[in-house]
Structure formats: C-alpha cells, structure tokens
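Student: Please take a close look at one part of this structure with me. I would like to see how the inside is packed, starting from a single residue and working outward.

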Amino acid sequence: MKDLPAPTPDTPTLAGLRAALGRLAADARPRWGRMDAPQMLRHCRVFAELCLGRVRVGLPVRALARLFGPLFLRRLLRRSPRQAPREMTTLPVLRAQADLALDADEERRRLDATLAEVEALAGTCRHPLYGAMRAVDVETLVRHHTAHHANQFGLLDAAPAGLD
C-alpha cells in the first residue's frame, strides 16, 4: 500500500489518547452510537489488535479491503477524527457484544497495553485487511480510530495541553 496521509493536526498522539481514555468514566454516555464505555474500550483494543495482525478476517472481506481499502483510508484519514463519519458499518469481528459484562478498568488496561505495542512498531507491518503497511501508517490508523471513539464520548473536548 502506498503511504497514507499524515494525521491531521488535531489527532492526539497515542500518549494523549491514553491520557484521555484514563479520564473516561465507566458509566459515561456516548454522544452517538450504541456502545457503552467499556464496550468502546474493547472495540478500540480489538481494532488495534487487528492492525497488529492478531485478529483474522475472512477472504471476501480481505479481498474487498485490498481493492478499495487504500482509497477509503486516504479519504478517511484526510479528515479530522472529530469529523469522521458516525455510525459506519463495523466488521462483525469488531462489533461490541451487548450481552457481555465488561470491566471498564480491565478493558482500559488492556487497550493501554495494546496501544503501547502499536507505538513500538517499526518498519513494515502486515495488516490483515490492507496488506503491507508502514508502521507509521498503522499507528496513524489506530490513532484516528481511537480518537474518533474518544470524541464519541466527549474526551477530546477542551483537551488539556499536549493532548492534541
């Protein structure tokens, strides 16, 4: 895959996102969508794990992603995560499971550890959907996605200095 656009200036760093997610109350209500706070934390972690190659997707989805993914990603990443489309279709493997009782602190801890793994990436990575990607592009994708969901819960409003 060709290089992706750099993050928009208002896309928080992974460290900034970890700080923002640390302020998320377990009972926080989203501005939109159906996920509660612990489900959102899990969803973001599973997305990051997908980017790390630990989540498998079926061949039809991979084929479509390889064909249309580069165009989709370039278009999406040119927008601020605060302006990313809401209510987009989610891959079944990434969907929040409403029937699970999740512990917000445990989900936050696991997401934090996964974001640290993304931050440590170097060189070229093999994304299950998009194929070979530069580590910096994988990080950009995870930052954008996680920031979009942080915004869903109002965590990017009046962000403290250094978050953006």
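Tutor: Start with L24. Set aside its neighbours within four places in sequence. L24 is then in contact with A37, M40, L41, R108, F153 and L155. Keep in mind that this is a predicted model.

Now look at the group around L24. The largest nonpolar core has 39 residues. Within this core, L24, M40 and V142 touch the most other members. Two of those three meet directly, as M40 is on the contact list of L24. A general tendency fits here: in soluble globular proteins, nonpolar side chains tend to be buried together.

Which elements build the core? Those giving two or more residues are α1 (14–22), α2 (37–51), α3 (59–77), α4 (104–119) and α5. The largest share comes from α2, with 9 residues. Helix α5 covers residues 135–152.

Take α1 next. Its buried residues are L14, G16, L17, A20 and L21. Where do they sit around the helix? Viewed down the axis of α1, the buried residues fall within an arc of 155°, so they line one face. The general geometry helps: an α-helix has 3.6 residues a turn, so residues three or four places apart point the same way. Something must lie over these residues. The cover includes α2, α4 and α5.

G22 is also in α1. Is G22 buried, exposed or partly exposed? It counts as partly exposed, because its relative accessibility is 47%. Now compare two kinds of distance. G22 and L155 are 133 residues apart in sequence. In space, their C-alpha atoms are 9.6 Å apart. L155 is a name you have met already, as a contact of L24.

Move into the loop between α1 and α2, where you find A28. Beyond its sequence neighbours within four places, A28 is in contact with A37 and F153. Both of those residues also contact L24. A28 and G154 are 126 residues apart in sequence, yet 9.3 Å apart from C-alpha to C-alpha.

Now go to helix α5 and find T146. T146 counts as buried because its relative accessibility is 0%. What does T146 touch, once neighbours within four places are left aside? The list is L17, L21, C44 and L115. L17 and L21 are among the buried residues of α1. T146 also has a polar partner. A polar atom of its side chain lies 2.8 Å from the backbone oxygen of V142. V142 is one of the three core residues that touch the most other members.

Helix α5 holds N151 as well. N151 is buried too, since its relative accessibility is 5% and the cut-off is under 20%. Leaving out residues up to four places away in sequence, N151 touches R31, W32, P81, R82, L156 and D157. Pause at W32. R86 lies over the face of W32, at 3.9 Å from the ring centre. What about pairs between aromatic rings? A search of the whole structure finds 0 aromatic pairs. Just along from R86 is E87, in the loop between α3 and α4. Phi of E87 is near 60°, a positive value in a residue other than glycine.

Turn to R45, in helix α2. Its relative accessible area is 4%, so R45 is buried. R45 touches E107, R110, L111 and T114, not counting residues up to four places away in sequence. Its C-alpha is 23 Å from that of M1, with their positions 44 residues apart in sequence.

End with a contrast. L71 is in helix α3. With a relative accessible area of 63%, L71 is exposed. L71 and L4 are 67 residues apart in sequence, but 9.7 Å apart in space, C-alpha to C-alpha.

Retrace the path once on your screen. Begin at L24, which touches M40. Then follow the buried face of α1. Finish at T146, where L17 and L21 are among the contacts.

Technical notes: Residues numbered from 1 in each chain as written. Predicted model: local features only at pLDDT ≥ 70, side-chain atom pairs only at ≥ 80, totals over all residues. Heavy atoms only, no water. Phe/Tyr/Trp six-rings, centres within 6.5 Å; stacked < 30°, edge-to-face > 60°. Lys NZ or Arg CZ within 6 Å of the ring centre and 35° of its normal. Helix = DSSP H or I, 4+ residues; strand = E, 2+ residues; numbered from the N terminus. Buried < 20%, exposed > 50% of the residue type's maximum accessible area, 1.4 Å probe, protein only. Polar contact = N/O pair within 3.5 Å; in protein donor to acceptor, adjacent residues only side chain to side chain. Contact = heavy atoms within 4.5 Å. Core = buried A, V, L, I, M, F, W, Y, C linked by side-chain atoms within 4.5 Å. Arc of directions from axis to C-beta.
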